[in-house]
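Morning, everyone. I have one structure to show today, and I'll keep it short.

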Amino acid sequence: MQMTNDATHDGGMSEERASAWAKLKARVEACERCELAQTRTKVVFGQGTVDTPLVFVGEGPGADEDAEGLAFVGRAGQLLTQILSAGGISREDVFITNVVKCRPPNNRTPSPEEMMQCGDFLEAQLLLLRPKILVCLGNTPMKWILKTTEGITALRGRWFGWRGIEVMPMFHPSYLLRNDSRKKGSPKDLTWQDVQALKERLDRYGKEKKE
Ligand code: SF4
């Protein structure tokens, strides 16, 4: 699997899927469906490799992401890269995006209306990417995907399903930046356990593919 850091690599898709993907990207990048279009700088479609068994979904772009048009490039994104890399997962081998593709002002939580409008795009992305595993980073993507009223603390590290894709909620890296303790049972410690479980499941898929 190969990938550049700033663009979508579509080498693993059939011609038909690659064309649907390019059309979807163009639609998202021109979208003005909801109010967030008024205040955004750049639309953040998401990036990484599309030929991947593993997709991450966060809430929405922050200031750095809005400025660069790329997902998870600020401090939280850098922490995510470090955590994954420590667990043996390269950021270059996954695809990463958000529930809403434009920055909510002052990083507020996107409204249910905004998520409904933009969620269609996420759904279309996931159906084209067809990953084996989807990691929801924090409450917002977890609630959107799993339609649950439970919080991330209760559900993180557990496995669920969505349209044939295995889903694991994990803490959002910005939450980990605010909770720096590494003590046993701290959010960082629990996230480390989650990343190890994730890697184990990923390796299992890798083996199945080779057999
Ligand atoms: S957040 Fe989504 S629905 Fe709203 S304008 Fe941006 S791309 Fe369109």
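I'll go from the overall fold to the core, then to the ligand.

First, a caution: this is a predicted model.

Start with the fold. The chain carries 9 helices and 7 strands. Its C-alpha atoms fill a box of roughly 45 × 45 × 30 Å along the principal axes. Is that consistent with a globule? Take the radius of gyration. For 211 residues, a compact globule would come out near 17 Å; this chain has 16 Å, so the two agree.

Now contacts. Take pairs at least 6 apart in sequence. Of those contacts, 71% join residues at least 24 apart. As for burial, 39% of the 211 residues are buried.

Next, the core. In soluble globular proteins, nonpolar side chains tend to be buried together. Here the largest nonpolar core has 45 residues. Which of them have the most contacts inside it? Val55, Phe56, Val57, Val99, Leu134, Val135 and Cys136. H5 gives this core its largest share, 5 residues.

Look at Cys136 in particular. Leaving out residues up to four places away in sequence, Cys136 touches Val57, Pro141, Met142, Ile145, Val167 and Pro169. Val57 is itself on that list of best-connected core residues.

Last, the ligand. There are 14 residues around it. Which come nearest? Cys31, Cys34, Ala37, Cys102 and Cys118. Two elements give two or more residues to this shell: helix H2, 36–39, and helix H5, 112–129. H5 has the largest share, with 3 residues. By type, the shell splits into 9 nonpolar, 1 polar and 4 charged.

So keep an eye on H5: it leads the shares in both the core and the ligand shell.

Note on methods: Residues numbered from 1 in each chain as written. Predicted model: local features only at pLDDT ≥ 70, side-chain atom pairs only at ≥ 80, totals over all residues. Near = placed C-beta within 6 Å. Helix = DSSP H or I, 4+ residues; strand = E, 2+ residues; numbered from the N terminus. Nonpolar A, V, L, I, M, F, W, Y, C, P; charged D, E, K, R; others polar. Rg over C-alpha atoms; globule rule 2.2 N^0.38 Å. Buried ≥ 20, exposed ≤ 12 C-beta atoms within 10 Å, placed from the backbone. Contact = placed C-beta atoms within 7 Å. Core = buried A, V, L, I, M, F, W, Y, C linked by C-beta atoms within 7 Å.
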